[in-house]
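Here is a walk through one model, from its rings to its sheet and its empty spaces. Have the viewer open while you read.

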Amino acid sequence: MIAVLTGDIINSRKAKSTKEWNNLLRESLSKIAENDSDWEIFRGDSFQVELKDAPSALKKSLYLKASLKTIKGLDIRISIGAGEKSFTGKRITESYGEAYFFSGEQFELLKKNKQTLSVRTTNDTFDEDFNLFFRLALTFIDNWTPNSAMLVRTFFDNETLSQRELGEILGISQSSVSERFNRAYLTEIKDLINLFEKRLTSIL
């Protein structure tokens, strides 16, 4: 069982610098994938990445989202597909299996429904529950400011650090970290990620 993330950059053409977000996307994909051969950028601002550790899919999707939202005006749209892989191609976009099918089909629904995150697995109950949870969580995730997004990204990169230590990295006080923590709803996001990992592991 694997997970496949299919996504694209929202407002990429309005960005002041294509190179800035392209480099950031490449760096972020390299961090979440096991190998560079597990991800690919295509059509300029679209991407696909295969994750061997399927339960980590939500956390890694939110990491990508936080990374791109550190640039003002940008956002990212991602569909998660979890399932079997039946064929490995020379390139990631040439591989095949239900995880790829689920991710690609769900991505088309994302654009149609004007939503920025969704999931599809072999379990309809899981999908129904978490797509509802995602819609609720997106009411604040989609509104992350660049500062909030930077905090989330930095936290995911340094989860063992205290708020004071995170503040030292960001160049802000511990109280400012705490305020951004609350504005980003990071505690609730951590709870959602933990629930996703636990529930997906149980159905694999």
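Which residues do ring pairs link into a cluster? They are Phe126, Phe130, Phe133, Phe134 and Phe196. Keep in mind that this is a predicted model. Across the structure, the count comes to 11 aromatic pairs. As a reminder of what goes into such a description, a pair of aromatic rings is characterised by how far apart the centres are and by the angle of the planes.

**The sheet**

Now to the strands. Five of them make an open sheet with mixed pairing, in the order β2-β3-β1-β4-β5. The edges belong to β2 (39-42) and β5 (117-120); each has a single partner strand, so one side of each is left without a neighbour in the sheet. On average, and ignoring direction, neighbouring strands here are turned by 15 degrees against each other.

What holds strands together in general is backbone hydrogen bonding, in either a parallel or an antiparallel arrangement. Both arrangements turn up here, and the table puts three of the pairings side by side.

| Strand pair | Direction | Bridges |
|---|---|---|
| β1 and β4 | antiparallel | nine bridges |
| β1 and β3 | antiparallel | six bridges |
| β4 and β5 | parallel | four bridges |

If you'd like to find the register on screen, a few residue partners help. Starting from β1, Ala3 stands opposite Leu51 in β3, while Thr6 has Ser79 of β4 as its bridge partner. From β4 towards β5, Ile78 is partnered with Leu117 and Gly81 with Arg120.

How many of the residues of β1 are buried? Nine of the nine are, so β1 is largely enclosed by the rest of the structure. Strand β4 (residues 75-83) gets the same verdict: nine of its nine residues are buried, so the rest of the structure largely encloses β4 too.

For β4 we can go face by face. In a regular strand, side chains alternate between the two faces of the sheet. In β4, one side carries Asp75, Arg77, Ser79, Gly81 and Gly83, and the other carries Ile76, Ile78, Ile80 and Ala82. Both faces are covered, with all of these residues buried. Among the buried residues are thus Asp75 and Arg77, on one side of the strand.

**Loops worth a look**

Two residues other than glycine have a positive phi. Asn11, with phi near 70 degrees, sits in the loop between β1 (2-10) and α1 (18-32). Arg43, with phi of about 50 degrees, is in the loop between β2 and β3 (46-51).

Is Arg43 buried or exposed? Its relative accessibility is 65%, and over 50% counts as exposed, so Arg43 is exposed. Asn11, at a relative accessible area of 33%, is partly exposed.

Further along, Ser162 is in the loop between α5 (146-157) and α6 (163-170). Ser162 is also partly exposed, with a relative accessible area of 31%. From Ser162 to Val177 there are 15 residues in sequence, and the C-alpha to C-alpha distance is 9.9 Å.

**Empty space**

Rolling a probe the size of a water molecule over the atoms shows where empty space is left. Start with the open kind: the largest pocket has a volume of about 160 Å³. Which residues line the largest pocket? The lining is made up of Asn11, Lys14, Ala15, Lys16, Ser17, Glu20, Trp21, Ile71, Lys72, Gly73 and Leu74. So we meet Asn11, the residue with phi near 70 degrees, once more as part of this lining. By class, the pocket lining has four nonpolar, three polar and four charged residues.

As for closed space, the structure holds one cavity of 30 Å³ or more. The largest cavity has a volume of about 30 Å³. Its lining consists of Met1, Ala82, Thr121, Thr122, Leu200, Ile203 and Leu204. How many charged residues does the lining of the largest cavity have? There are no charged residues there, but five nonpolar and two polar ones. Ala82 links this part back to the sheet, being a cavity-lining residue as well as one of the buried residues of β4.

Definitions and conventions:
Residues are numbered from 1 along each chain as its sequence is written. This is a predicted model: local features need pLDDT of at least 70, side-chain atom pairs count only at pLDDT 80 or more; totals for chains, interfaces and linings use all residues. Side-chain values use heavy atoms; hydrogens and water are left out. Rings of Phe, Tyr and Trp (its six-membered ring) pair if their centres lie within 6.5 Å; planes under 30 degrees apart count as stacked, over 60 as edge-to-face and the rest as tilted. On a 1 Å grid over the protein atoms alone, a cavity is a set of points where a 1.4 Å probe fits but cannot get out, and a pocket is an open set with protein on both sides within 12 Å along at least five of seven lines; lining residues have an atom within 4 Å of a point. Grid points are joined across faces, edges and corners, and a volume is the space filled by probe spheres set on the points. Ala, Val, Leu, Ile, Met, Phe, Trp, Tyr, Cys and Pro count as nonpolar, Asp, Glu, Lys and Arg as charged, and the others, Gly among them, as polar. Two strands pair if DSSP finds at least two bridges between them. Axes are lines fitted to C-alpha atoms, for helices over the stretch in contact, and angles run from 0 to 180 degrees between N-to-C directions. Buried means under 20% relative accessible area, exposed over 50%, partly exposed in between (1.4 Å probe, protein chains only).
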